[in-house]
Amino acid sequence: MKLFFAPGACSLAAHIVIEEAGLAHTLEKVDLATHKTEHGDDYTRINPKGYVPALALDSGELLTEVGVVLQYLCDQAPDRRLMAAAGTLERYRQMEWLSFISTELHKQFSPLFRPDTPEQIKEAQLKLLGRRFDYVSETLARHPYLGGQEFTAPDAYLFTVFGWLGYLQIDAKPWPRLGEHAARVTARPAVQKTLKSEGLLK
Ligand SMILES: N[C@@H](CCC(=O)N[C@@H](CS)C(=O)NCC(=O)O)C(=O)O
């Protein structure tokens, strides 16, 4: 399988999980400004949605959407316990987190990345994100990872989007538990390898 990614983008969650799962894969970097892949191909011809991540399966199928790509990857390596078995309540809880992170965190960041977003809208988005991070922080007060004592795929996704505060130079101090969560995730060998591979860590 091949993962199409852009350094530090939401595809980082899939990249982390592919490494955590120990799955054989190749990578292809996408320039999101030009929609060209590192091999010079027009990315919109590979993924008409134009965004990352996309996972090209060996069968020729293309899977998109972070929450779905993560689940697919975890299901290829069930022994790694990155997601619970389909049909269990634990799995639905993990899907609940993936959906929350996608719609309430990830997509709420989007206006902050756009240079033409009016300041008033940016302020409103930051307030909303702050309330959502407060909620996540309450969960992390009870256990080190979103689902309990163990790292699972939603933690990779949370780690990715929380990291965008730093990229946007927004103060993350109001959420020290999220900072501690990020430190725990960063320390994982598979995460170190992924961050180095994306050029995000020396
Ligand atoms: N709904 C998509 C959103 C993916 C997305 O927002 N990707 C961003 C990077 S984090 C992107 O590639 N943006 C460039 C574009 O839309 O052209 C998913 O869950 O995978």
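# A tour that starts at Ala141

Select Ala141 to begin: this residue is exposed, since just 8 other C-beta atoms lie within 10 Å, and 12 or fewer counts as exposed. You'll find Ala141 in helix H5. Keep in mind as you click around that this is a predicted model. Now add Thr117 to the selection. Ala141 and Thr117 are 24 residues apart in sequence, and their C-alpha atoms are 34 Å apart in space.

**Along helix H5**

Next, select residues 119–142, the whole of H5. How far apart should the ends of its 24 residues be, at 1.5 Å a residue? The expected span is 34 Å, and the end C-alpha atoms are 35 Å apart, which agrees.

Stop at Gly130, also in H5. Is Gly130 buried or exposed? Gly130 is exposed, because 12 other C-beta atoms lie within 10 Å and the limit for exposed is 12 or fewer. From Gly130 to Arg142 you go twelve residues in sequence and 19 Å in space, C-alpha to C-alpha.

Now pick out Phe133, Val136 and Leu140, which are buried residues of H5. The buried residues of this helix pack against helix H6 (153–167) and helix H7 (176–186), so show those two as well.

**Two domains and the core**

Colour the chain by its domain assignment: domain 1 is 2–80 + 190–197, and domain 2 is 89–188. Their centres, taken over C-alpha atoms, are 20 Å apart. Where they touch, 13 residues come from domain 1 and twelve from domain 2. On the domain 1 side, the elements giving two or more residues are helix H1 (11–21), helix H3 (66–76) and helix H8 (189–197). That side has ten nonpolar residues, three polar ones and no charged ones.

Then look for the largest nonpolar core, with 46 residues. Its members with the most contacts inside it are Ala13, Ala14, Val17, Leu70 and Tyr157. Which helix gives the largest share of this core? H6 does, with eight residues. Both domain 1 and domain 2 contribute residues, so the core lies between them. In soluble globular proteins, nonpolar side chains tend to be buried together.

Zoom in on Leu70. Leaving out residues up to four places away in sequence, Leu70 touches Ala13, Ala14, Val17, Leu98, Ala153 and Tyr157.

**Over to the sheet**

Switch to the strands: five of them form an open sheet with mixed pairing, in the order S3-S2-S1-S4-S5. Strand S3 (36–37) and strand S5 (62–64) are at the edges with a single partner strand each, so one side of each has no neighbour in the sheet. Select S1 (residues 2–5) and S4 (residues 54–56), an antiparallel pair joined by three bridges. In that pair, Leu3 has Leu55 of S4 as its bridge partner.

**Three loop stops**

First, Pro53, in the loop between helix H2 (43–46) and S4. The peptide bond from Val52 to Pro53 is cis, with omega near 0 degrees.

Next, Arg81, in the loop between H3 and helix H4 (89–113). Arg81 isn't a glycine, yet its phi is positive, about 55 degrees. Arg81 is partly exposed, with 13 other C-beta atoms within 10 Å.

Finish at Gln169, in the loop between H6 and H7. Gln169 has a positive phi near 55 degrees and is not a glycine either. With 6 other C-beta atoms within 10 Å, Gln169 is exposed.

Definitions and conventions. Residues are numbered from 1 along each chain as its sequence is written. This is a predicted model: local features need pLDDT of at least 70, side-chain atom pairs count only at pLDDT 80 or more; totals for chains, interfaces and linings use all residues. Helices (H or I, at least four residues) and strands (E, at least two) are DSSP runs, numbered from the N terminus. The expected span of a helix is 1.5 Å times one less than its number of residues. A residue is buried if 20 or more other C-beta atoms lie within 10 Å of its own, exposed if 12 or fewer, and partly exposed in between; C-beta atoms are placed from the backbone. Two residues are in contact if their C-beta atoms, placed from the backbone, lie within 7 Å. A nonpolar core is a set of buried Ala, Val, Leu, Ile, Met, Phe, Trp, Tyr and Cys residues joined through C-beta atoms within 7 Å. Domain bounds come from an automatic or database domain assignment. Ala, Val, Leu, Ile, Met, Phe, Trp, Tyr, Cys and Pro count as nonpolar, Asp, Glu, Lys and Arg as charged, and the others, Gly among them, as polar. Two strands pair if DSSP finds at least two bridges between them.
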